[in-house]
Amino acid sequence: MSQDLLGLSAAQAAERIRGGDLASHELFDAYRERAAGEELGAFLWVADQAPEATPDGPLAGVPLAVKDLFCVEGVPSAAASRILEGYRPPYTATAVERLRDAGAAVLGKTNMDEFAMGSSNENSGFGPVLNPWDRTRVPGGSSGGSAAAVAAGLAPWAIGTDTGGSIRQPAALCGIVGMKPTYGAVSRYGMIAFASSLDQAGPLTRDVTDCALLLRHMVGRDPCDSTSTGVPEEVALPSSERLEGLRFGIPPELTGEGIEPGVREVFDATVWRIEELGGTVEEVALPHAGHGISAYYVIAPAEASANLARYDGVRFGQRVGDGDLLSLYEQTREEGFGTEVKRRIMLGTYALSSGYYEAYYGRAQRVRTKIADDFRAAFERVDLIVTPTSPTVAFGLGERTDDPLAMYLSDALTVPMPLAGLPAISIPAGMSEELPVGFQIAGPAFSENQILDAAYAIERAVGFDGGPPRA
Amino acid sequence: MPEALAERAYEPVIGLEIHVQLKTRTKMFCGCKLSFGEEPNTRTCPVCLGHPGTLPVTNAEAVHFALMIGLALECEIAPRSIFHRKNYFYPDLPKGYQVSQYDVPLASRGRLGDVRIHRVHLEEDAAKLVHAGASGRIHSAESSVVDFNRGGTPLVEIVTEPDVRSASQAKEWLELLRSTLRRLEVSDVRMEEGSLRCDANVSIRPAGEATLGTKTELKNMNSFRFLERGVNAEIARQEETLRAGGAISQETLHYDPASGALSPLRSKEEAHDYRYLPEPDLVPLAPTEEMLERARAALPELPAQRAERLERDLGLPPDNAQRLAFRTDLGDFFEATLQAAGDGADARTISNWLTGDLVSLVGDSDPAASKLEPSALARLVGMVAQGAVAPSAAKEVLAILVADGGDPARVVEAKGLGRAGADELTRVVERAMADQADAVEKIRAGNRKAEGAIVGAVMRETKGRADGAEVIRLLRERIGE
Ligand SMILES: [Zn+2]
């Protein structure tokens, strides 16, 4: 593939195709070849041909990598779980359908932590994904395949899902842009559910402009998802280069303890850039944000324990055992689910059990309300809140697999936003230990345009350029 | 057996739990049409099969029907109720949980007749399991198959307070509920087909005591008769147990209609911790004023109200009023006949014809579906009142009108069923007196019973066209009384 093609952002490629300077199938074939031959473990399935004609619509046939948990009719969609191996859904997720309607061409399905449960992509039922910056390290998770694919130039852009940080954290660890929209902005219909009250689909892209363009064509109210709301105004392509008049808040609870020095340096430098661009910066308290992880690891597993009950070997996916009913259930689930999935089903089942519900689920919901209240109060004083996306840069493969708690803490800075249903973006802001560092910007509900504008200005000022060494 | 226990009188305390399948156009949470005996697994979609990634969307028509039921049962409607997931593994439950309502139901604290309503809520029906093998139960089946056509059908669950005191009251109240729901046109309410299902919670306590005894739950009583029998059997079993000095254990009992026996469900089948979880895929159900107004406007006159009106305004006997009101088709036919009869019609007599002779001719089917016109019935009743046709002959006319239709006067004429005229009747009476001199002697001697022989002979001769009272008058006239 010519480095020229590879160098185009998705928005630029769409522009060229629409201008007649580039054939969509040429672009598709170039990426298809890269995706089919990749060695990072980023893809679980790659399309064998480009769509026959250039699709109508603004996305002009630019190939799109899709996280494996989005159902695409007739295409393997297993949420990287052995229990769904071979499952080809009879329908397509609304988010994917919308993007196709806008002209996107599905390039392939990307690897992920099984059922989106993980922060390193090591929980995939089909093997880990390697970080393209350093193949001994993880790409983050759970949308690790999508993030690695975009960072390594295996796909121009991708979609993923974020439950506690599953878009933003891998985006940070892979040096790309990732955004979790406001809960309800994008339909969840056809997304294989992990934690329904938290799951939200969003873009993983090379830059903020691509992020806005992709998001614009994902959002919208969907009659098939009662919790979907769409967005009050169209997602605009960002253009502002200054931050005058914008107030940024830094919560000490999410910027203090546990942040690696290298990450902190990049964060501080980026805050300084914000001031340079005319933004004001002040401290805002999020007193309960520190309890986010605890609440998250009760609520998400509780919902997951119910969401994953349908994988029983009766109707689809893997079936093991053909004796009596109980052994069918037990063997199918024993062999089909990985360790982390089982752990979370156990956690969630326990948290909902009679006699424990109030102490766990009930209390976690109250914490969740308090966190949302904290944000509401904070956004009366500031427009946006900034933090590092991940407390560390990409960690080594296997480094945290034996220590679930350490793994769970990878999400400490990204978990409070989905608990409050709020939008947040991660953009690459610098390097530490030769690995990218992400910068997170969160805003009030439906402030996507404001977040994208600020992210765009910071992106230009930071000038984060390039990516991992490309094969 | 201790004397005190043997002698003690017990009072049953019964609460009912009713599931009603709503006859909405589509299922509770997806767009599939409801199934009425279609090929198995033809009324399904990814949503009601619980495919990964699918989401429920609440059926607005089901909410409307449930609101109508809540209002008809004089309940308070919750301004905001939510759905929960009731978790348990079973092959008839594709998602591994049933979407139902838990701590905040759609409606509560109502009343129907003399029974208070505890709550009314919406949920989805399970799929249907068919077990191959002798027992028809899953644990001993050779194999089981699932038909998902029924899965996701909207259900309304109605739970009463424990206000019922006997099996027959339970049956009668359930009949009132059925006729109310039928009147609302929200369900087919057929127990045999499962669109109306009733479980009963039964306990007994020494008469006059306020504390409740330990209750058992009775399932699978799929007809009114079985409900009455099952509850009676359970009351008897509990009495026997207590009289023998035993204790009732809280359990779920399965009623076997064939043998009438109650057997405990295996503990595995009932020992569930349902781990209720607020359903995160659905938004709360908050009926708007407009929705409530629409539900109120859709309420017809309900059976209990109709019975009261028929009794109060038309002076019908309570029994007739109730029978006409509980069967909408009868009640409607009655009112149409009454209207056709015009001013001064005898409502009570018409109601007797409806609930007596007409019901024995049409059975459970709608009289309006027969050939009989309400106006024809009205004319027939009028002819009887005027003495143009004798009551016994009129029954025959009615049977002909039900089968073939037409005008009663024509039928009477064509079949020669008109009342015997004075001349004819005098002739027949005199002939009968001549034929039965013995009887006449006895009557002269003061034996009134002997009159029956003469009346019988006249009726035979006139094929029922004679009025019995007129025959006796003529007879006595001739004897010289
Ligand atoms: Zn369906």
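## Domains of chain A

A salt bridge is a side-chain nitrogen of Lys or Arg within 4 Å of a carboxyl oxygen of Asp or Glu. By that rule, zero salt bridges cross the interface of domain 1 of chain A and domain 2 of chain A in this predicted model. Polar contacts are present there: 14 residue pairs, with both residues at pLDDT 80 or more.

Domain 1 of chain A is made up of 3–253, 260–285 and 376–462, and domain 2 of chain A covers 289–372. The C-alpha centres of these two domains are 25 Å apart. The contact involves 31 residues of domain 1 of chain A and 29 residues of domain 2 of chain A.

## What domain 1 of chain A brings to that contact

About 2,700 Å² is buried between domain 1 of chain A and domain 2 of chain A, and carbon and sulfur atoms give 64% of this area. On the domain 1 side, A:Ile83, A:Tyr408 and A:Leu419 lose the most area to domain 2 of chain A; together they make up 28% of what that side buries.

Two elements, helix 13 (404–409) and helix 14 (416–420) of chain A, give two or more residues to the side of domain 1 of chain A that touches domain 2 of chain A. Helix 14 of chain A gives the most, with four residues. By residue class, this side of domain 1 of chain A has 19 nonpolar, seven polar and five charged residues.

## Domains of chain B

Chain B has three assigned domains: domain 1 (3–296), domain 2 (303–415) and domain 3 (422–478). The centres of domain 1 of chain B and domain 2 of chain B, taken over C-alpha atoms, are separated by 38 Å. Four residues from domain 1 of chain B and five residues from domain 2 of chain B take part in the contact between them.

The area buried between domain 1 of chain B and domain 2 of chain B is about 500 Å², with 68% given by carbon and sulfur atoms. Of the area that domain 1 of chain B buries against domain 2 of chain B, 77% comes from B:Leu176, B:Ser179 and B:Arg183, more than from any other three residues. There are zero salt bridges between domain 1 of chain B and domain 2 of chain B, and one residue pair is in polar contact, both residues being at pLDDT 80 or more. The residues on the domain 1 side of this contact are one nonpolar, two polar and one charged.

## Interface of chain A and chain B

Between the chains, 38 residues of chain A are in contact with 32 residues of chain B. The buried area is about 2,800 Å², and carbon and sulfur atoms give 61% of it. A:Ser226, A:Arg310 and A:Arg315 supply 21% of the area that chain A buries against chain B, more than any other three residues.

One salt bridge is found across the interface of chain A and chain B. A salt bridge joins the side chains of B:Asp281 and A:Arg188, at 3.0 Å from N to O. The interface of chain A and chain B also has 17 residue pairs in polar contact, both residues at pLDDT 80 or more. At least two residues of the side of chain A that touches chain B come from each of helix 9 (292–307), helix 10 (325–336) and helix 11 (339–352) of chain A. Helix 9 of chain A gives the most to that side, with five residues. The side of chain A that touches chain B divides into 22 nonpolar, 10 polar and six charged residues.

## Surroundings of A:Thr389

A:Thr389 is in the loop between strand 9 (384–388) and helix 13 of chain A. The relative accessible area of A:Thr389 is 0%; buried means under 20%, so A:Thr389 counts as buried.

The side chain of A:Thr389 makes a polar contact with the side chain of A:Ser426 at 2.8 Å. The A:Thr389 side chain also reaches the backbone nitrogen of A:Phe439, at 3.4 Å. Both A:Ser426 and A:Phe439 are among the residues in contact with A:Thr389 when its neighbours within four places in sequence are left aside. The others in that list are A:Arg168, A:Gln169, A:Ala172, A:Leu413, A:Thr414, A:Gly438 and A:Gln440.

Key
Residues numbered from 1 in each chain as written. Chains lettered and ligands numbered in written order. Predicted model: local features only at pLDDT ≥ 70, side-chain atom pairs only at ≥ 80, totals over all residues. Heavy atoms only, no water. Domains from an automatic or database assignment. Contact = heavy atoms within 4.5 Å. Buried area = accessible area lost by both parts, 1.4 Å probe. Polar contact = N/O pair within 3.5 Å; in protein donor to acceptor, adjacent residues only side chain to side chain. Nonpolar A, V, L, I, M, F, W, Y, C, P; charged D, E, K, R; others polar. Buried < 20%, exposed > 50% of the residue type's maximum accessible area, 1.4 Å probe, protein only.
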